[in-house]
Structure formats: C-alpha cells, structure tokens
Amino acid sequence: MSAIDIVGGGLAGTEAALLLAGAGVDVRLHEQKPERRSPAHKEDGLAELVCSNSLRSDNPHNAVGLLHEELRRLGSPVLAQADLARVPAGDALAVDRAVFSGGLTARVRAHPRIEVVAGEVRELPPGPAPCIVATGPLTGESLARALAEAVGASQLAFYDAIAPIVAGDSVDLSIAFAQSRYTQRDRDTMVEGVKALRRIVQAPAMARHIAEEAEPGPGCASDADILDYVRRRGSTVYHPVSTCRMGQDGKAVVDERLRVRGVAGLRVIDASIMPAVVSGNTNAATIMIAEKGADMVLEDARV
Ligand SMILES: Cc1cc2nc3c(=O)[nH]c(=O)nc-3n(C[C@H](O)[C@H](O)[C@H](O)COP(=O)(O)OP(=O)(O)OC[C@H]3O[C@@H](n4cnc5c(N)ncnc54)[C@H](O)[C@@H]3O)c2cc1C
C-alpha cells in the first residue's frame, strides 16, 4: 500500500497516524504548526488539547466512559497516553496536557513509518493514494474551501458544545464555595450499606426470623452486582435538610437565631436550617425548630 497523507496532527490525526503506522502503513502527517496556528492552538506539539484538559467521564456506566473503555480495548494510542498523563479528577479522565501532547509527539516522531511534514496544506492532496483530512473544527479558509468544492457544498459547518475552563483565582470565594462532584465515596458507602444490612439479618438472632432474601437476592453477590442493584433501585427518601443551614460560618444561610444573613426581618424556620440531617425521622426535630423559632420571634418582639 502506498503512503497515506494525513492532514492535521490533532487528536484525530495523531490517533490515525499511529494506528496506521502500527499496522505497517507508511504515513505522511502534515501539521501546520508552528508555521501557522488556529486561534485556539497555542503549543507546538501534536495532539494539543484546546480548552479543557478533561476527556470527560471515565465511568463505563455512561456513554463517554464506555467509549474510553472500548478505545482502550482497541489499543488506542491516544487513550493509552491519556492514561499515562492522567491527573486526579474524580470520575473524569483529566490529563496533564503537556505530558499528554509531549508523549504522543515523541511517539509519532520516533515511529519509523511516520514522516511529519511541517506546513499548512491548502489544497487536498491530488491522490490516488488515500488521504485523511483531520484538521478539526478550525480548519483554515483555503483547505475548507477546497474541501467544500470537493464535496459540492457552498460552505462547511460544525456543531459544538462548550466546556470552559475557569481559573481558580478568578472566582470570588466570598460568594462561592468549592464542592467536589466525586461520587466514588457515595458508591462505596451504598455497597457497604447493603453488605452491612446482610450481616445484620444473617446474625443468629435475626436469621431465624428470615425466610429468604427477596431483594437484591442471593444471586447479587459481587460489589459490581450490588452497585448495579443500588443504581436501579436506590432513591432518595423525603428527609431533605440543610439547604438553609444554620451556623456561624460564612456559608451558613441563617444565624443561630434563624435570621437570614444580610436580610433584615426574615427568618427561615423549618427543616432546611438543620446543620446536618438528624439520625431519626426529621418530623419531631422540625416541630421543635418551629417551637423554638416561634419563641425567638416573640422574644425579639418583646425587646
Ligand atoms: C476553542 C475550542 C475549545 C474546545 N474545547 C473543547 C473541550 O473543552 N472539550 C472537548 O472535548 N472538545 C473541545 N473542543 C473540540 C476539539 O476541537 C476536539 O475535541 C478535538 O480537538 C478535535 O480533534 P481534531 O483532531 O479533529 O482537531 P484538532 O485537535 O483541532 O487538530 C487539528 C490539527 O490540524 C492542524 N491543522 C489544521 N489545519 C491544517 C492545515 N490546513 N494544514 C496542516 N495542519 C492543519 C492543526 O494545527 C491541529 O494540530 C474545542 C474546540 C475549540 C476550537
């Protein structure tokens, strides 16, 4: 097979080049950087991540994580480098962008079957050898025009979704707070909860009262099975609290006399002011909050 031209050494071009070269095909990889850059590309390396360093969720229970897993099993070089360049980000596959791009650039440049050709490609290669155009959403005008002509369109379009990076030091933490969306702990807790419940009902004192385990059932044995069961059957109960938490710190909505901070004459007197959920049902505690709160209103009125 004759050499294949790949135009664009971004994520797609790098993946295609390494896969084809690995399969024994000679590749000419054309990359316009550093001679020319799109408005979004800042670095010189291949497979530069523009914008977010997150490749989104790595959880195989959702579509993106499943794609990651499939790519790994298919031997994707880009995914392998992402795993090497991984930085902690909870469920997400986030990478150190310099390690990510640097590793892939080194691999491409070291590959005996890949020739990296520097410079902007302004026309489609004439053929007959196959060509891959992988110039991304910011393809320059000349090549975009050539592409449009080749496919008989007057212009090209792309669809986009946005995931902006927010610099931590640009956030005013007097009015915002950090909250992890990491959920691994929640999952572990739920699985442990099911196991703990089983231990309790299997204890001798309880076991004689139990005929059989109806749910999740004895077939549900591994942690993965239990998690799957929890995902399908788990739901919240009606004890939401703490949305207007009482406290003395800056994040508390009401003070210890249930007055809304910064708003004169307004109190919140219900379950939402609990600093944390109580260990039993919330109704008795809520009635007591109302009793105490009403008393505070009266006290203040008397002063
Ligand atoms: C501003 C911006 C922000 C984005 N943010 C995100 C995000 O947060 N998350 C996300 O998943 N996706 C984001 N995207 C989408 C992103 O483009 C894709 O995820 C991914 O980079 C696409 O890979 P690609 O290989 O198709 O294109 P690119 O990664 O853009 O690679 C194209 C490569 O081709 C080269 N090239 C272009 N034209 C020529 C030419 N004529 N001759 C030679 N070389 C050429 C470029 O220099 C570049 O190296 C963003 C895109 C933009 C423009």
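Is methionine 1 buried or exposed? Methionine 1 is exposed, because just 10 other C-beta atoms sit within 10 Å of its own and the cut-off for exposed is 12 or fewer. This is a predicted model, so keep that in mind as you read on. Methionine 1 belongs to the segment before β1, the strand that covers residues 4-7. From there to glycine 24 the C-alpha separation is 9.2 Å, with the two positions 23 residues apart along the chain.

**Around the ligand**

Let's look at the ligand next. It has 28 residues around it, and the closest are Gly8, Gly10, Cys51, Ser52 and Gly136. Two elements, α1 (11-22) and β2 (27-31), give two or more residues to that shell. Helix α1 gives the most, with 3 residues. Sorted by class, the shell around the ligand comes out as 12 nonpolar, 13 polar and 3 charged residues.

**The nonpolar cores**

Helix α1 turns up again in the largest nonpolar core, which has 29 residues. Inside this core, the residues with the most contacts are Ile6, Ala17, Val27, Ala82, Phe100 and Val108. At least two residues apiece come from β1, α1, β2, α3 (77-84), β5 (92-95) and α4 (97-110). The largest share of this core is again from α1, at 6 residues.

Which residues does valine 108 touch, once those up to four places away in sequence are set aside? The list runs Thr14, Ala17, Leu18, Leu29, Leu46, Ile114 and Val116. There is also a second, separate core of 6 residues, and Val254, Ala271, Met274 and Ile289 are among them.

Isoleucine 114, one of the residues that valine 108 touches, is found in strand β6, residues 114-118. Isoleucine 114 counts as buried because it has 23 C-beta neighbours inside 10 Å, and 20 or more is what buried takes. With neighbours within four places in sequence left aside, isoleucine 114 is in contact with Ala17, Ala21, Val27, Leu29 and Val108. For a sense of distance, isoleucine 114 and leucine 227 are 45 Å apart, C-alpha to C-alpha, and 113 residues apart in sequence.

**Where α6 meets α8**

Leucine 227 brings us to a helix pair. Two packed helices are described by the angle between their axes and the distance between the axes. Here the pair is α6 (residues 184-202) and α8 (residues 223-233), whose axes come within 9 Å and cross at roughly 100 degrees. That angle makes α6 roughly perpendicular to α8, because the perpendicular range is 65 to 115 degrees. On the α6 side, the contact is made by Arg187, Met190, Val191 and Val194, while α8 brings Asp223, Ile226, Leu227 and Val230. What classes do the residues of this contact fall into? They divide into 6 nonpolar, no polar and 2 charged.

Arginine 185 lies in α6 too. It counts as exposed because it has 10 C-beta neighbours inside 10 Å. Between arginine 185 and alanine 82 the C-alpha atoms are 24 Å apart, and the two residues are 103 apart along the chain.

**Backbone oddities**

A few backbone angles deserve a look. Here they are side by side:

| Site | Backbone feature | Value |
|---|---|---|
| Lysine 33 and proline 34 | cis peptide bond | omega about 0 degrees |
| Glutamate 215 and proline 216 | cis peptide bond | omega about -10 degrees |
| Arginine 56 | positive phi, not glycine | phi near 65 degrees |
| Serine 242 | positive phi, not glycine | phi about 75 degrees |

Where do the prolines of the cis bonds sit? Proline 34 is in the loop between β2 and β3 (54-57), and proline 216 is in the loop between α7 (204-207) and α8.

As for the positive phi values, arginine 56 is part of strand β3, whereas serine 242 is in the loop between α8 and α9 (283-302). Arginine 56 counts as partly exposed because it has 18 C-beta neighbours inside 10 Å. Serine 242 is partly exposed as well, with 15 other C-beta atoms within 10 Å.

Conventions
Residues are numbered from 1 along each chain as its sequence is written. This is a predicted model: local features need pLDDT of at least 70, side-chain atom pairs count only at pLDDT 80 or more; totals for chains, interfaces and linings use all residues. Helices (H or I, at least four residues) and strands (E, at least two) are DSSP runs, numbered from the N terminus. A residue is near a molecule or strand if its C-beta atom, placed from the backbone, lies within 6 Å of it. Ala, Val, Leu, Ile, Met, Phe, Trp, Tyr, Cys and Pro count as nonpolar, Asp, Glu, Lys and Arg as charged, and the others, Gly among them, as polar. Axes are lines fitted to C-alpha atoms, for helices over the stretch in contact, and angles run from 0 to 180 degrees between N-to-C directions. Angles under 35 degrees count as roughly parallel, over 145 as roughly antiparallel, 65 to 115 as roughly perpendicular and the rest as oblique. Two residues are in contact if their C-beta atoms, placed from the backbone, lie within 7 Å. A nonpolar core is a set of buried Ala, Val, Leu, Ile, Met, Phe, Trp, Tyr and Cys residues joined through C-beta atoms within 7 Å.
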